[in-house]
Amino acid sequence: MSDSVQHRIELKGITKAFPGVLANDAVSFKVKPGEIHALLGENGAGKSTLVKMIYGIMQPDAGEIIWDDEPVMVANPKAARKMGVGMVFQHFSLFEAMTVLENIALGMDGSYSQASLEEKIREVLHAYDLKLEPHRIVSTLSVGERQRIEIVRALLLEPRLLIMDEPTSVLTPQEVGQLFETLRKLSKTGCSILYISHKLHEIRDLCEAATILRGGKVVGECDPREETPKSMAEMMIGGNLKQISKAKTREFGADRFVADGLTVPGEGDFGVALDDICFKVRAGEIFGIAGVAGNGQNELLLALSGEQPSSNANAILLDGQPIAAMDAVGRRNLGLCAVPEERNGHGAVVDFSLTDNAILTARERMGMASSGILKGGVATAYTSKVIDDFAVKTTGPGSLAGSLSGGNLQKFIMGREILQDPEVLIVSQPTWGVDAGAAAAIHQALVDLAENGSAIVVISQDLDELLAISDRMAVINEGRMSKTLNVGEASIDEIGLLMGGVHGDPFATAEMTEAVHVH
Amino acid sequence: MTYSLLIPILMTIVGAATPILLAALGELVVEKSGVLNLGVEGMMLIGAVTGFAVTATTGSAPLGVIAAMIASAASAGLFGFLTLTLTANQVATGLALTIFGIGLSALAGEGYVGQTVDVFGSVFPASLSEHPTLRVIFGYSPLVYLSLALVAAVGWFLSRTRAGLILRAVGESDLSAHSIGYSVIGVRYMAVLFGGAMAGIAGCFYSLVLTPMWAEQLTAGRGWIALALVVFAGWRPVRLLLGAYLFGAVMTLELHAKAAGFSLVAPEFLAAMPYLATIAVLAAISARKTGMSLAPACLGKPFKPSS
Amino acid sequence: MFIELEKRKEPSKAMLYLTPVLAVVATMVAGAIIFTLIGHDGLGAVRKIFLDPLLDTYKWQDLGVKAAPLILIGVGLAIGFKANVWNIGAEGQYVMGGLAGTGVALATWGMTGWWILPLMCIAGVAGGAAYAGIPAFLKTRFNVNEILSSLMLTYVAIQVLYYLMRGPWKDPDGFNFPQTRLFTDDQILPTVLTNTVVHLGVPLAFVVAIAAWFVMTRSVFGFQIRVVGAAPAAARYGGFNSKKTIWAALLAGGGLAGFAGILEAAGPFGQMVPQFPTGYGFTAIIVAFLGRLHPIGIVLAGIILAVTYVGGELAQSSIGLPGAATGVFQAMMLFFLLATDVLVKYRIKLASPAKAGDVA
């Protein structure tokens, strides 16, 4: 593709308001043909809103989009695709019960025969050295393969601008490497790439230019290759990064929480079975569990928290007592609290007040109920204490959980569990979708709780998070747990291979990772 | 002897199966788009009374059917406005539509109780349609043949056309379809209106073909059986056809047992048979874990794009 | 121009209480227009149906008697709806409750004693609850949709009623009419106000509503019902068993419908007849929604729907409005409520399509 234009896309003063929030405030930047341009910002900085306007899903309130040096109006995604804009969504726009081919056909605007479309798909797969089977049903695919569907769907349009929204949050380090290869190949053909992320080292590896957003405004532009992750992070959060204060030398107590041969059959069509999970957490220790999404983390949380009791009572021990056959209430009474990954509708009921959400899990331990009758006063007092101690921004215990921002709701949920003074705390994705300030507060609270002698299990897809706070860690892959690693001694490569399913062989290659994944 | 009994039994089965097939086929398309319209019974009654009134007034049964389709589709449009545009609860709105249809049809049909109308002519020459044996194939109302053609058409539409693919996609993941750029609400409106029109034909089948007359609550809960049939069929048109004829057979059993003076069990038990059979079949179908995976993932959930 | 919904940050409390009133008013306005258009005295119909029963103090006792079963069933259904359990077969549970109580009445016929009536009531509650237990069992064991199963069972219950009336329970001295003996004095609900038809069931309905209000707002059980309905995953996380909740919701709904059934049989009917199912079980669905699934709201809604029943009969006898008109008015009320419901969570904006080309 030859390009006579100066800029592939230019945004001028794009503004978009939602009730109560100015999501984008006069955002302007330019992307050259073939440039890989990062859009950097925290959760809630306005990145997603901005690209939705470029892709025509929503319209700006004010401002101008200039495409190949011509002002345009992008009425809908179809118009965007016609211009040559492709998009890979953070939350995939896929249809689980349909085949790869049907999914791709839905993303194409012309009418193709099945055979000719399949032919085109195979050409693209070959050209970019990607593996994908067109007749598989999406629900049977790994997360990495699903992302490939989105990428193929975008590539088939021969895009001149490809938008990637947080593409690596669900990939193993090796898969990230593969993705970057594909993107570099694509940019060489003249296609510009708008790469949205908050992962700074990735942006340094891949991008030639970056625009930094904070609170809906452009707060800086830079060449990421000339910056350090720290300097970019400070631009992104607008201040100094807060360090977690953690005692260097720590004494651990006896084994407090033990999973010993925990096996759970997979539930339904999409469930992952847990196979002989074993690990030990000592008093005062933070134990991290890494892994790519969809490898049994949800099932593990349900099994550990008691939402999914097991028939083998000895599969989980709390201070030596078998608890695996108990339900969530029974375990909570013994001092095991948990925080699930999904806040809305699992960790909290969005249509309920914060007080009611406190009753949800703290009613027994904190004495909010006696002989079946709720004590409203006790519940309100506890809720107020959670709000104060964890600096939850809200109008009061009576406000609805759904009215809180993601970070504030997460702080509330964490606070609700931590103030119950648990012996064991199980948390999944503690800082998912949370701004840096709230994330730092949550990490500090976990470290402090551990220092008081609790055993903590943190399940997370964010390796950086686990490396920062945990003392030991393991990796979960397809429902099986790896050996336990000491943080500080394990290399990223080794962990990455474990995440991809290669157990115990540090010299395995990326190709092997791939082979394990496809079976 | 047995032969002369068999032909009318087979023909009654077809008669009993056709209206629930028509209504269920419409609901299948509605549910495939992710919408649960529990107002089938109400829409059928509105169609039944409209078809009867228009036929009685104009003397033309085809005109009656068309009017019924329009009236029922209009009531479905009301359902669509509430659930799609105003995001009202689909279960409650469907129930309201049924209560409304029962009342409205009773009100509108008051003047027509006791009247009869000229029914449809036959599509085939009398030598075939009134032949003692061959009438089992050629002796039905045109609506019967229409229902069979529609099964094929809907099956082809859903599995072979791009529009059908889009409709399934909307029912599978409304948010994904929206982000790719399809009009979720638009597709669902079309499906809901189609479901209404089909319920209208189904209603007409009672008032213009089976009875043919108008009485309050003429459809006697068959709309609910049509809803159960969609679950039974696992959202597949061909299995819907089989299921409808199976249900038709159960209902016919009741009629013929009564007529034959079959006295081993109470007639009330026979009258309850179709409903008991429906429950039994639902239990058998729903117990299978894999069966439900065919249900459209978004069924019954209102579409709320997160701005 | 098209309608645009803008989500409110928090649901509007004012709208929550205002929309049922709006729905009733809209029904009156729309009803007047529609009935005028189809050739009736629309305004007269609305006045007869909605106002006359309230203005005529002599009709108040009828309102109480009609409202009692609607309130009882509505309160029970609301517990289910709150838990996202869609029991719409209350009519069948009402019939079964009536039949179970009647069974006791027939078995104790000729006996005397204060214990007979309470025993009938217990049997009524148990009968309704047991009948609702069938969809509960099917739902928890086989995952059968309770909407369809509970509704199918209503048709079955009516056939059971017909069978009993025509056969085993037929009054031996009743000239072969398909109905039971008249209940005896010890089997009939006493009236609580002399010289009226207001029977003991009327105050009981109010007591039940207040008790339900306390349970739903103050007890762990009520909390459980609300959590399971609002967020099943959160309920499981909080340690609530969803199967138990489904059972509880259906048994509560069926039990109260059955209670309403026996109170009707031992009250206004005084015997069991084939005309026993009068549609209270379906109208109570409207009552539950119009009352916002809140027991106290349901009391008010029950009275409003009772007004339309009494007014409907008035309009039928005085201005010849067809009996079916009442059902149309009732359904319209539910439609309008569902339509205005959107105002609780959203603000309505009339907007023209956004012009993206506008440059600031």
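Visitor: What makes α13(B) a bent helix at Met273(B)?
Guide: The axis of α13(B) turns by about 45° at Met273(B), and a proline, Pro274(B), follows within four residues. The bend is the angle between axes fitted to the seven residues ending at a position and the seven starting there. Helices are DSSP runs of H or I with at least four residues, and strands are runs of E with at least two, numbered from the N terminus. This is a predicted model, in which local features need pLDDT of at least 70 and side-chain atom pairs count only at pLDDT 80 or more, whereas totals for chains, interfaces and linings use all residues. Residues are numbered from 1 along each chain as its sequence is written, while chains are lettered from A and ligands numbered from 1 in the order in which they are written.

Visitor: How do you know whether the span of helix α13 of chain B agrees with or departs from its expected value?
Guide: The expected span is 1.5 Å times one less than the number of residues. The 21 residues of α13(B), 267–287, should therefore span 30 Å, and the end C-alpha atoms are 30 Å apart, which agrees.

Visitor: Why is Ile70(B) called partly exposed?
Guide: A residue is buried with 20 or more other C-beta atoms (placed from the backbone) within 10 Å of its own, exposed with 12 or fewer, and partly exposed in between. Ile70(B) has 15 such neighbours and therefore counts as partly exposed. This residue belongs to helix α3 (residues 61–85) of chain B. The buried residues of α13(B), by contrast, include Ala271(B), Tyr275(B) and Leu282(B).

Visitor: What makes a set of residues a nonpolar core, and where does the largest one lie?
Guide: Such a core joins buried Ala, Val, Leu, Ile, Met, Phe, Trp, Tyr and Cys residues through C-beta atoms within 7 Å. The largest has 387 residues, and Ile201(B) and Ile73(C) are among those with the most contacts inside it. Helix α10 (residues 184–210) of chain B gives the largest share, 16 residues. Domain 1 (9–237) and domain 2 (255–488) of chain A both contribute, so the core lies between them. These bounds come from an automatic or database domain assignment.

Visitor: What makes two residues a contact, and which residues does Ile201(B) touch?
Guide: Their C-beta atoms, placed from the backbone, must lie within 7 Å. Beyond its neighbours within four places in sequence, Ile201(B) has contacts including Leu22(B), Val65(B) and Leu143(B).

Visitor: How many residues does each chain give to the contact between chains B and C?
Guide: Chain C gives 35 residues and chain B gives 37. Elements of chain C that each supply at least two residues to its side include α5 (116–142) and α6 (146–166).
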